[in-house]
Amino acid sequence: MSTRFRVAGETLRRLGALEWLKLSAGSHPDHGHLQVPYIGWRFAEPSDEKLRTIEDAVRTTPTQVDWDVDTSRRNWLLAPARLLGDGANPAASPAFDERVEAATRDQGFCAQALTDLDAIMRTLGELTAVQEDPHGD
């Protein structure tokens, strides 16, 4: 398990129990090129409050690329906006897979997005720490 995966899981678990987590980030294990970073997860009990906290982290983190949170399906997805389509299911395959493949060919974009994902997770960690202990005790 990568450090990035562990940190993402620990950070999201501060908001509530996770039933599922997937992280695409870092170098491809077989080919060595950077993968397009995104994170998908499913809360045992999703809520508007959890979504607002995640959206606040995305909105307040300075990023190099645009990011969106997709909650149109059972599994939520945090991904560069470039990967998400329009309509009711922006992360639906096969179009999502095709956009990931196209974005992977842009290794500069992948590097920027990877830096962004780490920054968003740090911001989310800070926001959830404040929620756990709002008085700094």
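Which helix supplies the largest share of the lining of the largest cavity? In this predicted model, that share comes from H4, with 3 residues. The search turned up 1 cavity of 30 Å³ or more, and the volume of the largest cavity comes to about 30 Å³. Around it sit Arg 4, Ala 8, Leu 23, Ile 39, Leu 117, Asp 118 and Met 121. Sorted by character, that lining has 5 nonpolar residues, 2 charged ones and no polar ones. Helix H4 (107-132) isn't on its own here, as H1 also gives at least two residues to the lining.

Helix H1 covers residues 3-13, and its buried residues are Ala 8, Gly 9, Thr 11 and Leu 12. Looking down the axis of H1, these buried residues fall within an arc of 165°, so they line one face of the helix. Ala 8 thus turns up twice, as a buried residue of H1 and as part of the cavity lining.

Then there are the strands. All 5 of the 5 residues of strand S4 (residues 76-80) are buried, so the strand is largely enclosed by the rest of the structure. Strand S4 has pairing partners in S2 and S3. With S2 (residues 38-43), S4 runs antiparallel and is joined by 3 bridges; here Trp 41 stands opposite Trp 76 of S4. With S3 (residues 67-70), the pairing is again antiparallel, this time over 4 bridges, and Asp 68 has Ala 79 of S4 as its bridge partner. Getting from S3 to S4 takes a hairpin of 5 residues.

Conventions:
Residues are numbered from 1 along each chain as its sequence is written. This is a predicted model: local features need pLDDT of at least 70, side-chain atom pairs count only at pLDDT 80 or more; totals for chains, interfaces and linings use all residues. Side-chain values use heavy atoms; hydrogens and water are left out. Buried means under 20% relative accessible area, exposed over 50%, partly exposed in between (1.4 Å probe, protein chains only). Two strands pair if DSSP finds at least two bridges between them. The arc is that of the directions from the helix axis to the C-beta atoms. On a 1 Å grid over the protein atoms alone, a cavity is a set of points where a 1.4 Å probe fits but cannot get out, and a pocket is an open set with protein on both sides within 12 Å along at least five of seven lines; lining residues have an atom within 4 Å of a point. Grid points are joined across faces, edges and corners, and a volume is the space filled by probe spheres set on the points. Ala, Val, Leu, Ile, Met, Phe, Trp, Tyr, Cys and Pro count as nonpolar, Asp, Glu, Lys and Arg as charged, and the others, Gly among them, as polar.
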